[in-house]
Amino acid sequence: MTDNSLTREGLWIKLAIQEEQYYNALAEYCLLQEGVKTLTANQIKARVDFLSSPWKKTSLLSKPLTFRANKLALESTWYRIVEYENQYYQTMAECHLLCEGMHNPSDEDIQNRIKHLSHLYLRKSIFLKSLKKRELECLEQASFGRGSRETAVVLGISEVIVKRYRLSSCEKLRCEKIHEAIFMATQLGYLPLKGKNTTIQVLATKETANAIL
């Protein structure tokens, strides 16, 4: 019993450290997007407080982009965000499984739980790279059940280009399959709910999850 408690406590400590790294990287990325060249600890802390609070805005940025951000710095920070986010979800999945009595989960168990958590709690990184018009159009056509060849005919572009847009939209939404990307795009309000004229707006994480489930 003592060993299990120590393991659980160790996982939660690890999760807290990863969460701090994750939010710091998110804050740096947003500030860089807004043109802040020299980041201070106070600026990062203030943005972390904003990012970790319940969702009140769709955008993570405090003002629209009207300039060219440092591409190298942005890409470097972006890869850190993705790395920290993956680590965070990995540990969170292990914590959940341990609390359910699964002390030695397989990689498949962990990956399945990560997918489940990703559907319940929107990954904040997907807010930072918005979908382009063509990417959205290809996703919308896929949501109608059309394949890449049919989509190419409807949109008047080549099938190769359609596949490229579908792949890039999956990458931006952090999804492996096109149906997962459609689900995530609907959660974010990019695609309308079937049979309704309204779209899902990004509010608090729990509210969004409840609206879907």
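**Rings and one odd loop residue**

Mentor: Start with Arg174 in this predicted model. Arg174 counts as partly exposed, because its relative accessibility is 25%.

Trainee: Where is Arg174 placed?

Mentor: In a loop. That loop runs between helix H7 (159-172) and helix H8 (178-187).

Trainee: What about the phi of Arg174?

Mentor: Arg174 is not a glycine, yet its phi is positive, about 60°. Most residues other than glycine have a negative phi.

Trainee: New topic. How many aromatic pairs turn up in the whole structure?

Mentor: Four, from a search of the whole structure. One of them joins Tyr22 and Tyr23. Their centres are 5.5 Å apart, with 50° between the planes, and the pair is tilted.

Trainee: Are Tyr22 and Tyr23 buried or exposed?

Mentor: Tyr22 is buried, at 3% relative accessibility. Tyr23 is buried too, at 10%. Buried means under 20%, so both values qualify.

Trainee: Why is the Tyr29 and Trp78 pair called tilted?

Mentor: Because their planes sit at 50°, and tilted covers what is neither under 30 degrees nor over 60. The ring centres are 5.8 Å apart.

Trainee: Which helices does that pair link?

Mentor: Tyr29 is in helix H1 (residues 2-33) and Trp78 is in helix H3 (residues 71-99). They are 49 residues apart, so the pair links distant parts of the chain. Tyr29 is buried at 4% relative accessible area. Trp78 is buried at 6%.

Trainee: Which residues do ring pairs link into a cluster?

Mentor: Tyr22, Tyr23, Tyr88 and Tyr89.

Trainee: What sits over the ring of Tyr89?

Mentor: The charged end of Arg123, 4.1 Å from the ring centre.

Notes: Residues numbered from 1 in each chain as written. Predicted model: local features only at pLDDT ≥ 70, side-chain atom pairs only at ≥ 80, totals over all residues. Heavy atoms only, no water. Helix = DSSP H or I, 4+ residues; strand = E, 2+ residues; numbered from the N terminus. Buried < 20%, exposed > 50% of the residue type's maximum accessible area, 1.4 Å probe, protein only. Phe/Tyr/Trp six-rings, centres within 6.5 Å; stacked < 30°, edge-to-face > 60°. Lys NZ or Arg CZ within 6 Å of the ring centre and 35° of its normal.
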